[in-house]
Amino acid sequence: MKSLVFSLFLLSHSLNCSSQILSSTDSLRFWGDAMISLKTPDFRQAASSEFQKIAEKLIRENSDSILLDFHPSIVKTSTHDGKLKFYSWASELSENRIQYFSYLFFDHQKPVFLKSQERNLRRINYEELNAKNWYGALYYHILKDSFSARYFLLGFATSPDGTKHRIIEPLYIDKDQILFGAPLFVKKDENQKDEVYHRILIHYSPSAQAVVNYNPELKQIMYDHISSYTDAKSGETLLVPDGTFEAFDWNGSHWIHNPYLKNEILESAPIDKPLFNADTKSRDILGRKKSK
């Protein structure tokens, strides 16, 4: 314990010294690298706090998204016209405990900083959220089309138990009002009655990979159908793609669930830019190579 306290003291002292020596943009790069690469959780959290402070100051003074264009672990996405931009990143506070952050830049308005609140990702399908109670995700794609005056985001997140989630997320922006989620997804329940969701989460096991793809010609969002099975060796229940696909089709006002795409049994779903390398066993949630 004494060793940890002393180490934190040295880190704090070095932080102050380096901040005085480095320029603001260099400090941003320094702390951005540290919050991703340091092995000790307390150090990563301290580096993440420093990164946030400097990023907030720089962006408040410059309102310039280019300041976050420096690190491969910052996930960047924007609309084709550049009016909406997301810069998202994650900080691993402890093993399987991830905190998400994002900057939203929208059409010359004041940038919005998002910091995730701990939530159960299996229980947010019916919630409309805002910038203050955002659950957190890495947004890696914005659909080209707009629907009902909303943008649609594709995201990724991890639960504390290691379960991965692909996310289809409506976003509504009106001046200072920012809302995540909307009752636009219609899906049949077990009794074949329509159930309406605010967002769609696709849950799958840490060792698996799932993809989501949007077809602008069909106005269709297609994604892996996930099945559960018990591993014969470990006895663990796994959630993995089974080679078939589901979809949501836009009908002009809602996304209607298509439970099975006929004649679409492929080895993998088409996707332009996968978020992470397929070599999942050697990489962690941030895409870094695991230390041996």
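Begin by selecting strands S1, S2, S3 and S4 of this predicted model, which form an open sheet in exactly that order, with antiparallel pairing. Strand S1 (75-78) and strand S4 (112-115) stand at the edges with a single partner strand each, so one side of each is left without a neighbour in the sheet. If you look along the sheet from one strand to the next, the twist averages 15°. Now narrow the selection to S3 and S4, which pair in the antiparallel sense over four bridges, and find Ser-102, whose bridge partner in S4 is Leu-114.

Next, select helix H3 (residues 41-62) and find Gln-52 in it. Is Gln-52 buried or exposed? Its relative accessible area is 13%, and because buried means under 20%, Gln-52 counts as buried. Leaving aside residues up to four places away in sequence, Gln-52 touches Phe-101, Phe-113 and Lys-115.

Now return to strand S3 (residues 97-106), which contains Phe-106, and show strand S7 (residues 151-158) as well, which contains Tyr-151. The model has 23 aromatic pairs by the rule used here, and the rings of Phe-106 and Tyr-151 have their centres 6.2 Å apart and their planes at 80°, so this pair is edge-to-face. Because Phe-106 lies in S3 and Tyr-151 in S7, the pair ties together parts that are 45 residues apart in sequence. Phe-106 is buried, with a relative accessible area of 14%, and Tyr-151 also counts as buried, at 19% relative accessibility.

For another ring pair, select Phe-147 and Tyr-214, whose ring centres are 6.4 Å apart and whose planes stand at 90°, so that this pair, too, is edge-to-face. Which parts of the chain does the pair of Phe-147 and Tyr-214 link? Phe-147 is in the loop between strand S6 (138-142) and S7, while Tyr-214 is in strand S13, and the two residues are 67 residues apart. Both Phe-147 and Tyr-214 are buried. Extend the selection to Phe-152, Phe-185, Tyr-223, Phe-248, Trp-250 and Trp-255, and you will have the cluster that ring pairs link together with Phe-147 and Tyr-214.

Keep that cluster in view and colour the strands S11, S10, S16, S15, S14 and S13, which in this order make up an open sheet of six strands with mixed pairing. The edge strands are S11 (194-197) and S13 (212-215), each of which pairs on one side only. Neighbouring strands of this sheet are turned by 30° against each other on average, with direction ignored. Inside the sheet, strand S10 (residues 185-188) and strand S16 (residues 255-258) run parallel and are joined by two bridges. Here you meet two members of the aromatic cluster again, since Phe-185 stands opposite Trp-255 in S16.

Strand S8 (residues 164-174) is the next selection, and nine of its eleven residues are buried, which leaves the strand mostly covered. How many bridges join S7 to S8? There are eight, and the two strands run antiparallel, with Ala-157 standing opposite His-165 in S8. S7 and S8 form a hairpin with five residues between them, and in the turn you can pick out Gly-162, which has a positive phi of about 95°.

Stay with S8 and add strand S9 (residues 177-180), which pairs with S8 in the antiparallel sense over four bridges; in S9, the bridge partner of Leu-171 is Phe-180. These two strands form a hairpin with two residues between them, and Lys-175 in the turn has a positive phi of about 60°. Strand S12 (residues 200-204) also pairs with S8, in the antiparallel sense and over five bridges, and there Arg-166 stands opposite Ile-202 in S12.

To finish, show the side chains of the largest nonpolar core, which has 54 residues, and in which the residues with the most contacts are Leu-84, Phe-86, Leu-104, Ile-168, Leu-171, Phe-180 and Trp-255. Leu-171 and Phe-180, as you saw, are bridge partners. Strand S7 gives the most to this core, with six residues. Finally, look for a second, separate core of 17 residues, which includes Met-35, Phe-51, Ile-54 and Trp-89.

How values were computed
Residues are numbered from 1 along each chain as its sequence is written. This is a predicted model: local features need pLDDT of at least 70, side-chain atom pairs count only at pLDDT 80 or more; totals for chains, interfaces and linings use all residues. Side-chain values use heavy atoms; hydrogens and water are left out. Two strands pair if DSSP finds at least two bridges between them. Axes are lines fitted to C-alpha atoms, for helices over the stretch in contact, and angles run from 0 to 180 degrees between N-to-C directions. Buried means under 20% relative accessible area, exposed over 50%, partly exposed in between (1.4 Å probe, protein chains only). Contact means heavy atoms within 4.5 Å. Rings of Phe, Tyr and Trp (its six-membered ring) pair if their centres lie within 6.5 Å; planes under 30 degrees apart count as stacked, over 60 as edge-to-face and the rest as tilted. A nonpolar core is a set of buried Ala, Val, Leu, Ile, Met, Phe, Trp, Tyr and Cys residues joined through side-chain atoms within 4.5 Å.
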